[in-house]
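Trainee: I have a model to go through. Can we take it question by question?
Mentor: Yes. Put it up and we start.

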Amino acid sequence: MRVVIAGAGLAGLACAKYLVDAGHTPVLLESRDVLGGLVAAWQDKDGDWYETGLHAFFGAYPNMLQLLKELGIEDRLQWKEHTLIFNQPDKPGVLSRFDVPDILAPFNVIMSILRNNDMLTWNQKLRFAIGLLPAIVRGQKYVEAMDKYSLLEWLRLQGVDEQVNTDIFIAASKALTFINPDEVSATIPLTALNRFLQERYGSKIAFLDGSPPERLCQPIVEYITERGGEVHLQKPLKQILLNPNDTVRGFLIRGLEGAEDEVLTADIYVGAVSVDVMKVLTPPSWKAIPFFKKLEGLEGVPVINLHLWFDRKLTDIDQLLFSRSDLLSVYADMSNTCREYANPDRSMLELVLAPAQDWIDRSNEEIVEATLKELQNLFPQHFGSENPAKLLKYQVVKTPRSVYKAIPGRQVYRPTQETPIANFYLAGSYTLQRYLGSMEGAVLSGKLAAQAISKNPQVASGEGIEPELQPLSS
Ligand SMILES: Cc1cc2nc3c(=O)[nH]c(=O)nc-3n(C[C@H](O)[C@H](O)[C@H](O)COP(=O)(O)OP(=O)(O)OC[C@H]3O[C@@H](n4cnc5c(N)ncnc54)[C@H](O)[C@@H]3O)c2cc1C
């Protein structure tokens, strides 16, 4: 069966990969000239990479790890020491570590919390553990029911000390969803915690050894094309064309640089674009269908990714760090964490600025200036001294609408991959799957869409229409 997919982010790529595995012929169309969507990256004039986002992989990403294994590229993940490292706002430059011992889950994570005495007192730890018990004992069902509360409300209901919120959850919430605990649904951090508590290496972090488009997306493209599928860049879906019965007749693709628009037809169609784009592309007659109406309840959250190149080494830490500062979320010195970006003499800090709604419209210069101020607290030895570190160059990548904003009550708005339209499916990390708006969620959503397509009665029976690529004018 021929399946046309719009959007070559990780969801669209995974969907196409699993479709070729099932013997189908995917045609993947990406609007931009770069693969990867939210994992897209570019090279500057010096050949240095800059990315849409600082991306950490976790041990608790079974579908991503399986995909990498199937592609034969699992060695591209550079696994780090099993530890979570936090800056301490009131002690500039001092780090606090949660070292996770190599023993069975959940004892490994519990032990890491018990052994950390910088951030929580014994009384706070005890109340935190008791507060978490229902999530551990009652599992994912309970976790999903907590979507009605913000994380802050949930912590208060559980009687967890406010200090636990400021010490741990502000950092976790900003890292997971780019918003603060008073805004984020309790389901999000509880889901992550549940995974971490259930899997021995769940919270172990890895970095890709180079840029995601080259080191992760390109191998997926090769896998697809070697097996008869197609992947095309700069093919933006302009309109979903319908039959009189509201099923899809074709994808109208915008012709770029003076080229004519074209209609692409297939047996099955997949929208693997972000939820914000999907809302715009939803045909008017579908908007009345409750399934598509629900998309209105979701929207992408703004986030900013910064890259700062310095004239010296600021740190030798080879790990993700939680800044716990007002402006920033997580950061890493990519000259240590990523093989392709390695530099023994100079640091390249990649930092996520979140929440970003007050910053997304500001100039890059203002954003960099404010970030440098926060670095004085993170690296006082390099910015407070007489000979401060010199910023050589920077890149700022703004994403006004990234992953869906995971505020309370959003779970019910997340659509399944199967839609009420017989020949149309959705993929994307915003669609319903158990791994939140993440790379793992994107890959799983693509896999689920491919599975649902294979189960489609029309597909299963081998019926379908002949592939055709025709200019609009014909
Ligand atoms: C700053 C930042 C940091 C992040 N950090 C992490 C992390 O550490 N760990 C983690 O797991 N996740 C992280 N994420 C989230 C992760 O990147 C996303 O959840 C995931 O990549 C989403 O993939 P997707 O395929 O669902 O959507 P997208 O990546 O949005 O893909 C949609 C694709 O559709 C294309 N498209 C749009 N319109 C059209 C059209 N009309 N026609 C054709 N194509 C179109 C887009 O160009 C894009 O390529 C981060 C995201 C950001 C922004």
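Mentor: One term before we start: helices (H or I, at least four residues) and strands (E, at least two) are DSSP runs, numbered from the N terminus. The model is predicted, so local features need pLDDT of at least 70, side-chain atom pairs count only at pLDDT 80 or more, and totals for chains, interfaces and linings use all residues. Residues are numbered from 1 along each chain as its sequence is written, and side-chain values use heavy atoms, with hydrogens and water left out.

Trainee: Which helix gives the most to the nonpolar patch?
Mentor: Patches are made of residues with over 30% relative accessible area and no salt bridge; like charges are joined within 9 Å, nonpolar side chains (Val, Leu, Ile, Met, Phe, Trp, Tyr) within 5 Å. This patch holds Ile-103, Leu-104, Phe-107, Ile-110, Met-111, Leu-114 and Trp-122. Phe-107 lies in helix 3. With 4 residues, the top contributor is helix 3 (residues 107-115).

Trainee: How much accessible area does the nonpolar patch have together?
Mentor: Accessible areas come from the Shrake-Rupley method with a 1.4 Å probe; for residues, only the protein chains shown count as cover. The patch lies on the surface. Its joint area is about 660 Å².

Trainee: Now the ligand. How many residues surround it?
Mentor: A residue counts as near a molecule or strand if one of its heavy atoms lies within 4 Å of it. The closest are Glu-30, Leu-38, His-55, Tyr-61 and Ser-429. The shell count is 35 residues.

Trainee: How do the residues of that shell divide into nonpolar, polar and charged?
Mentor: Ala, Val, Leu, Ile, Met, Phe, Trp, Tyr, Cys and Pro count as nonpolar, Asp, Glu, Lys and Arg as charged, and the others, Gly among them, as polar. The split is 19 nonpolar, 13 polar and 3 charged.

Trainee: How far is the polar side-chain atom of Tyr-61 from an oxygen atom of the ligand?
Mentor: A polar contact is a pair of N or O atoms within 3.5 Å; within protein, one must be able to donate a hydrogen and the other to accept it, and residues adjacent in sequence count only if both atoms are side-chain atoms. Backbone atoms take part too: a polar one of Gly-37 is 3.2 Å from a ligand oxygen, and an N or O of Ser-438 also lies 3.2 Å from one. For the Tyr-61 side chain, the distance is 2.6 Å.

Trainee: What share of the ligand's area does the protein bury?
Mentor: Taken alone, the ligand exposes 1,000 Å². Helix 1 (10-21) and helix 14 (439-455) are the elements giving two or more residues to its shell. The buried share is 91%.

Trainee: Is Gly-441 buried or exposed?
Mentor: Buried means under 20% relative accessible area, exposed over 50%, partly exposed in between (1.4 Å probe, protein chains only). Gly-441 lies in helix 14. Its C-alpha is 8.1 Å from that of Ala-11, yet the two are 430 residues apart in sequence. At a relative accessible area of 0%, Gly-441 is buried.

Trainee: Which side chain does the side chain of Asn-63 contact?
Mentor: Asn-63 sits in helix 2 (residues 62-71). At 11% relative accessible area, Asn-63 is buried. Its polar contact spans 3.0 Å, and the partner is Lys-447.

Trainee: Which residue's backbone oxygen lies 2.9 Å from the side chain of Asn-423?
Mentor: Asn-423 is in the loop between strand 19 (391-399) and strand 20 (424-426). Its relative accessibility is 8%, so Asn-423 counts as buried. The backbone oxygen belongs to Val-248.

Trainee: How many salt bridges does the count come to?
Mentor: A salt bridge is a side-chain nitrogen of Lys or Arg within 4 Å of a carboxyl oxygen of Asp or Glu. One network links Asp-44, Asp-46, Asp-48 and Lys-393. The count is 21.

Trainee: Why are Asp-21 and Lys-17 separated by about one helical turn?
Mentor: They form a salt bridge, with the closest N and O atoms 2.5 Å apart. Asp-21 is partly exposed at 38%, whereas Lys-17 is buried at 1%. The turn follows because their spacing in helix 1 is 4 residues.

Trainee: How far apart in sequence are the parts that Arg-401 and Asp-276 tie together?
Mentor: Their side chains meet in a salt bridge of 2.9 Å, N to O. Arg-401 lies in the loop between strand 19 and strand 20, and Asp-276 in helix 9 (residues 275-281), so the parts tied together are apart by 125 residues.
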